[in-house]
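Biologist: I would like to know how the terms used for a protein model are earned. Shall we take them one at a time?

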Amino acid sequence: MIIAVDGPAASGKGTIAKALAAYFDLPMLDTGLLYRAVGLNLLRSGQDPADEAAAVTACSFADDIMADPAIRSEAVGQAASQASAHPAVRAALLKRQRDFAKQAGGAVLDGRDIGTVIAPDADAKLFVTASPEARANRRAKEEGGVSFDAILADIRARDERDSGRGAAPLRQAEDADLLDTTDLTIDAAVQRAIALVEARIRR
Ligand code: CDP
């Protein structure tokens, strides 16, 4: 069984994907980490994420970069968002994601284009959203010390770039279930996600 979880930054998709993986006993891939690895690689070598050739070269990274705490910063998120708009970057990371999705026994993948591009034949697809304000509030709590307004501006910039790009833009697949977590606790969102997936696989 393949479960695709897509959605914008801080929508809760990562937490939901992890909970689904535990509940259905499936391996999970956070595909944002692949793009973040490219972003971190570029920033560390002083290169511009807008430079397509440099971004493609940055796709050859050692796996241990994905465990580096620096990969979680918003600066790396923005660099990842810029680098991920290059079609050649998406192509370079495609096989790794498809292979993970197609492994025997199934998998959970979370990202922006899992239901639309990486695993269009997934058994269940969730599109997890929340209002920009709710998402900025969550990030503000995680990141303590950064102003709410700055976080909200970053979230809006990233939403616009991710949704507006030509290559695999962030959008809900036609056959995905929408899960709006704006007014849900984590537990309630996870319960709802499990119920939606179970309803899909029973069909
Ligand atoms: O956790 P957060 O939502 O902040 O971001 P992420 O999932 O770690 O992804 C970082 C950036 O990588 C996103 O803003 C996207 O631009 C890009 N990305 C993508 O293009 N496709 C994916 N499947 C996953 C991430």
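Modeller: Start with a definition. A salt bridge is a side-chain nitrogen of Lys or Arg within 4 Å of a carboxyl oxygen of Asp or Glu. Between domain 1 and domain 2, the count is two salt bridges. Bear in mind that this is a predicted model.

Biologist: What makes Arg 158 and Glu 74 a salt bridge?

Modeller: Their closest N and O atoms are 3.2 Å apart. The cut-off is 4 Å. The pair therefore counts as a salt bridge.

Biologist: Which residues make up domain 1 and domain 2?

Modeller: The domain assignment gives 1-27 + 107-203 for domain 1 and 31-102 for domain 2. Their C-alpha centres lie 19 Å apart. The contact takes 22 residues from domain 1 and 18 residues from domain 2.

Biologist: How much area is buried between domain 1 and domain 2?

Modeller: About 1,600 Å², with 51% of that from carbon and sulfur atoms. On the domain 1 side, Ile 118, Arg 158 and Arg 161 lose the most area to domain 2. Together they give 32% of what that side buries.

Biologist: Why are H2 and H4 called roughly perpendicular?

Modeller: Helix H2 (residues 32-44) and helix H4 (residues 74-83) pack at about 105°. Angles of 65 to 115 degrees count as roughly perpendicular. H2 and H4 therefore earn the term. Their axes are 7 Å apart. The contact includes Tyr 35 and Leu 42 of H2, and Ala 79 and Ala 83 of H4.

Biologist: How do the residues of that contact divide?

Modeller: Into ten nonpolar, two polar and one charged.

How values were computed
Residues are numbered from 1 along each chain as its sequence is written. This is a predicted model: local features need pLDDT of at least 70, side-chain atom pairs count only at pLDDT 80 or more; totals for chains, interfaces and linings use all residues. Side-chain values use heavy atoms; hydrogens and water are left out. Axes are lines fitted to C-alpha atoms, for helices over the stretch in contact, and angles run from 0 to 180 degrees between N-to-C directions. Helices (H or I, at least four residues) and strands (E, at least two) are DSSP runs, numbered from the N terminus. Angles under 35 degrees count as roughly parallel, over 145 as roughly antiparallel, 65 to 115 as roughly perpendicular and the rest as oblique. Contact means heavy atoms within 4.5 Å. Ala, Val, Leu, Ile, Met, Phe, Trp, Tyr, Cys and Pro count as nonpolar, Asp, Glu, Lys and Arg as charged, and the others, Gly among them, as polar. Domain bounds come from an automatic or database domain assignment. Buried area is the accessible area (1.4 Å probe) that two parts lose on being put together, summed over both.
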